[in-house]
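Me: I'm new to this structure and would love a close look at one part of it. Could you pick a strand and walk me through its surroundings?

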Amino acid sequence: MSVTKACLLLVALSASLAAQPVSYRKDIAPLLSQRCVACHQAGNPSGGFIAETAASLAEAARSGLLLETVTGERPRMPKAGKPLTAQQVSLIRRWVEQGAKDDSAGEPNTWWSLRPLPARRPGSVDGFIRAKLNEAGLSPSAEADRRILIRRVTFDLHGLPPTPDEVDAFATDPSPRAYEALVDRLLASPRYGERWARHWLDVVHYGDSHGYDKDKPRPNAWPYRDAVIRAFNEDMPYARFVRSQVAGDVLYRDDPHAFALTGFLAAGPWDFVGHQELKEGTTDKNLTRLLDRDDMVATTMSTFVSLTAHCARCHDHKFDPIPQADYYRLQSVFAGIDRADRPFDADPAISQARRTLLTEKLAVQRRIQPLLDRVEFATSPDITALDIRIQDASLLIAHLGAPKTPAETQEKQRLETRRTADRATRQKLVDAIVGPETFAAIAAGQKELAALDARLAALPAPQLVYSGAAYFNRAGAFRPSLTPRPVHILDRGSLSSPGKLATPGALRCVPGLDANFPNTEEEGQRRAALADWIAGSDNMLTWRSIVNRVWHYHFGAGLVDTPSDFGRMGAPPSHPELLDWLAVWFRDEAKGSLKQLHRLLVLSETYRQRSAHRDEPAKLDADNRLLWRMNRVRLDAECVRDATLLAAGKLDLTMGGPSVRQFGFKDDHSPVYDYAAFDPDAPGAYRRSIYRFLVRSAPDPFMERLDCPDPSLLTPKRTMTLTAIQALAMWNNRFMVRMAEHVAARASGDGNRLGRLVLGRGLSQAEANYGARHGLANLARVLLNTNEFLFVD
Amino acid sequence: MRRRDLLGSFGGLALAQMLGQESGAPHHAPRAKRVIQIFLSGAASQCDSFDYKPRLIEKAGQPWDPGEKVELFQSNPGVVMPSPWAWKQYGQSGKWVSDLFPEIAQCVDDIAFVHSLQSKSNIHGPATFMQNTGFILPGFPSAGSWLSYALGTLNDNLPKFIVLPDHRGVPPNGPGNWSSGFLPAAHQATTVRVGTPHPIYDLEAPANSGYITGASEREGLALLDQVNQQHLQTHAGDSRLEARIASYKMAARLQLSAPEVLAIHGESPATKKLYGLDDAATAEMGERCLVARRLVERGVRFVQIWSGADNGFPRRPWRTGQVAR
């Protein structure tokens with residue numbers, strides 16, 4: 001469209017709409033906050049004006065400056081992104097013409113997600129959805145056919161298709177409560193927890209290896225995965241689920257389930273080289289730790305309260321009311337932990353005994369650590385000179401390797417003798433600096449530690465979970481903090497510009513909550529305070545966040561389409577009243593029961609609608625944000641794999657335990673993970689996908705092509721692509737090719753049975769003919785590649 | 001799925017073309033059309049290659065004191081060691097090059113040297129991430145993925161971003177280096193293992209399937225298309241279903257075009273010699289370079305060649321003879 005035409009249209013629009021009043025609160029404020037406030041805010045007013053409130057804009061509106069900057073052939077503003085649309089400019093123009101009135105009085109001038117939740121009131125999912133549809137002049141779709149409904153809800157709650165017999169039974173069930181009974185049966189099955197735990201593990205970026213360089217396996221990550229499955233299956237109240245993950249070891253002492261859930265803290269990647277090989281005291285060491293805590297802050301805030309607090313590491317958040325200081329308050333909460341294996345016990349008495357002994361050990365270690373450091377870091381010019389000589393000798397010895405000539409042998413011996421002598425001299429110099437009292441004190445402490453270790457060893461062997469730990473056995477340069485490390489507010493996020501010390505706390509932008517935590521040396525108390533801050537009934541973000549996540553997985557899109565970002569860069573809610581009503585209902589009526597929330601949503605008429613396209617509503621709402629139909633979804637990677645195994649009659653429903661390594665594994669300095677070396681019929685190959693060993697650096701290529709996300713990445717929402725490479729994987733991957741053969745074997749020559757196993761229906765003539773000509777394995781391969789198999793209506 | 005995701009995918013691009021839309025039109029007209037990046041992980045230091053440091057020669061054997069705090073990975077700074085290779089100036093530009101690179105030295109006037117790169121980390125993993133994604137944290141899209149996302153395709157029959165890894169193993173961070181991060185999977189790299197029997201994963205059915213024949217393959221794809229078309233009749237108005245049908249046609253075209261592009265045996269002896277295929281020390285790397293050239297000639301946006309620092313221990317360096325070619 002040419003500029004002239006656009007202007008004409010704008011004039012026409014202005015003329016016809018001029019009479020309609022424009023609301024600052026409803027029309028202008030959201031527009032400004034999306035496009036202008038990032039720069040023009042009170043903390044940092046660019047160009048001298050603040051776009052945060054109607055009052056602060058009054059002068060710019062009156063003088064014409066506001067309109068002038070956003071109009072013209074090349075509008076000066078907004079600087080970032082596209083110019084405002086003609087419709088948006090028209091809104092601003094009319095608002096100015098109507099006197100730039102402020103109708104936000106009485107409304108707290110806060111971002112939608114930070115407004116307090118309303119009081120409980122009656123309502124229903126369908127009521128809110130219908131109201132919006134009516135407003136738009138749309139009607140909902142009719143209820144889906146029962147065969148479609150059972151496939152939809154079974155994939156949704158179990159991540160698996162129903163069996164052909166289950167479909168028949170449900171389709172012919174005369175009971176009017178058949179669907180309700182089906183939902184209750186599905187929610188009671190352990191398959192439910194396995195499915196919904198997978199969603200949760202996406203959000204928290206769980207993996208079974210460390211990631212980064214070397215990418216070592218993380219053999220004790222899985223107890224967290226199992227604990228999440230169990231929490232879903234046992235319908236653990238959401239507040240307890242949250243509190244357990246952030247500080248279950250402190251808040252529910254001696255409860256093994258809560259302890260295993262603290263695996264959340266360590267779910268993300270970990271830089272082995274930076275932590276274990278880099279020497280203490282260097283900038284890069286501190287950077288490694290800073291970024292490790294950054295991951296904890298980012299994961300915790302985006303998972304539970306859907307805010308991108310980690311954007312405030314280098315500067316105040318550009319879009320949300322999160323000052324840099326608040327970010328470092330959160331860093332300070334995690335300043336006492338590193339990622340390491342922690343022991344825990346099923347028996348509370350043993351757990352208590354272990355806890356007492358570990359507390360005593362920690363006290364001794366804290367006492368002697370400064371002494372040990374005095375030895376480790378003792379230095380003088382002579383010691384430094386010796387260090388260089390020792391280092392040179394070591395390098396030369398390594399370079400010589402196995403000597404090949406007598407001269408080399410002699411040279412190597414000479415270097416070794418020199419190095420031994422240098423080391424002894426160095427020891428003497430250190431001894432002289434440190435003094436015998438220190439060594440005596442260290443020896444005494446180590447004796448105490450040995451005694452405590454003996455008593456720990458006498459306890460029954462504990463389970464281990466990879467979690468956040470303040471105390472663990474040192475490995476190389478990886479050593480525990482013992483007490484929380486000091487956290488400074490870093491100018492531009494740079495460790496070379498440390499500012500004030502940060503004290504533990506949370507985000508002060510959340511109204512009505514105390515965001516200051518006790519500045520205690522016991523790091524667990526800091527995490528416990530954060531757990532309480534998140535899971536308290538007054539934290540509106542927490543309750544909005546979880547109901548939106550659950551909605552997102554049921555309907556294929558959230559009421560807020562950015563489930564981990566409720567800030568200004570996120571999407572606004574499509575149904576704000578429904579979101580708030582659900583949050584309050586879930587918190588107060590369902591008491592945080594996720595199963596009740598699932599039940600509420602999948603029993604709604606909105607959920608039970610057909611997914612078929614309709615021309616008229618599609619013209620008004622192509623993205624189906626108003627839910628005039630159900631969304632059709634493509635199966636995710638795990639569903640494809642599990643449903644294929646199920647059709648093949650191979651799915652192994654064994655639950656829990658160490659993750660299954662579906663690759664050839666060669667342990668090494670840097671291990672090798674080789675997927676081509678794994679046989680699709682090998683032991684463990686038939687386990688459900690949630691039990692796969694997830695390698696961060698080397699994802700399973702088949703799963704990756706079906707958009708299984710990189711576990712180095714927080715994934716609140718999966719992307720769904722349809723690519724040639726994906727088609728090749730579905731068509732040619734050894735797993736698919738082998739499973740097609742198993743499906744055929746299971747159908748034992750009966751083509752219609754094969755059709756039912758894969759698609760829940762008999763064969764068409766063309767399909768039957770193909771099967772007759774090329775055999776059922778080839779036919780199964782075709783059917784497993786159909787859109788009918790890959791999409792859920 | 002958002003429209004952007006759809007258009008970003010191969011199938012989506014085919015669909016876009018079927019619908020008469022421009023395929024993946026860029027945000028603004030790019031000047032460079034295609035990129036070959038050679039990543040010599042664990043390569044020679046800049047001080048031994050192209051970054052002439054006369055002070056190192058001047059201060060040889062003296063204690064290292066650059067006038068600011070220096071932190072090494074595990075060790076302490078010792079004395080200054082100058083480059084063990086001699087340095088000369090070459091070309092009209094007078095570019096300094098060490099004797100390690102006698103051949104590259106002959107064409108310095110055709111090369112742009114950038115000596116201002118800095119890293120935020122001195123650790124292999126994070127620093128390699130930074131080189132590829134701009135961030136020292138994992139999970140961000142690599143440069144090739146961004147180009148694929150932003151610039152779209154020049155050839156519908158080939159992927160937009162291709163990685164040619166070292167035969168001996170993958171570098172620090174593994175395939176994470178060429179991840180598409182939070183961009184749709186359509187923008188992740190396609191790995192081509194040059195010189196192996198199956199260079200592209202899943203490009204063809206396993207030879208030992210025991211039941212797939214040429215006829216079952218051909219007729220099977222035809223039947224799949226037919227079943228999907230019928231399904232489409234009763235599921236109108238969903239472009240994803242059409243896109244997925246198109247993706248199988250794209251896959252078939254990829255199956256045809258990939259072997260052609262990888263067939264370097266047809267290149268002239270002179271070209272092969274230029275790429276060092278006649279010398280065991282350079283043949284593997286040379287093959288990757290030659291394939292990379294053929295790929296970009298056919299419109300692949302971004303080809304990344306990796307060599308060296310595989311995951312063994314001690315890390316093996318990039319391969320050189322006495323001098324590097």
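Reply: Happy to help; here is a tour of one strand in chain B, followed by a short stop at a pair of helices.

Please keep in mind that this is a predicted model. Our strand is β6 of chain B, which spans residues 302-307. How many of its six residues are buried? Six of the six are, so to speak, under cover. Both faces share in this: B:Phe302, B:Gln304 and B:Trp306 are buried on one side, while B:Val303, B:Ile305 and B:Ser307 are buried on the other.

Next come the strands that pair with β6(B). Strand β1 of chain B, residues 35-40, runs parallel to β6(B), and six bridges link the two. Within this pairing, B:Leu40 has B:Ser307 as its bridge partner. Strand β4 of chain B, residues 161-164, is also parallel to β6(B), joined by four bridges. Here B:Gln304 of β6(B) has B:Val163 opposite. B:Gln304 is thus a residue to look for twice, as it is also one of the buried residues of the strand.

Now for the helices, in chain A. The axes of α22(A), residues 540-555, and α24(A), residues 594-602, come within 11 Å and cross at roughly 45 degrees. That angle is why α22(A) counts as oblique to α24(A). The crossing is right-handed. From α22(A), A:Val547, A:Val550, A:Trp551 and A:His554 meet a set in α24(A) that includes A:Leu594, A:Leu597 and A:His598. By class, the residues of this contact are seven nonpolar, two polar and no charged.

Terms used
Residues are numbered from 1 along each chain as its sequence is written. Chains are lettered from A and ligands numbered from 1 in the order in which they are written. This is a predicted model: local features need pLDDT of at least 70, side-chain atom pairs count only at pLDDT 80 or more; totals for chains, interfaces and linings use all residues. A residue is buried if 20 or more other C-beta atoms lie within 10 Å of its own, exposed if 12 or fewer, and partly exposed in between; C-beta atoms are placed from the backbone. Two strands pair if DSSP finds at least two bridges between them. Axes are lines fitted to C-alpha atoms, for helices over the stretch in contact, and angles run from 0 to 180 degrees between N-to-C directions. Angles under 35 degrees count as roughly parallel, over 145 as roughly antiparallel, 65 to 115 as roughly perpendicular and the rest as oblique. A crossing is left-handed if the near helix is turned anticlockwise from the far one by less than a right angle, and right-handed if clockwise. Two residues are in contact if their C-beta atoms, placed from the backbone, lie within 7 Å. Ala, Val, Leu, Ile, Met, Phe, Trp, Tyr, Cys and Pro count as nonpolar, Asp, Glu, Lys and Arg as charged, and the others, Gly among them, as polar.
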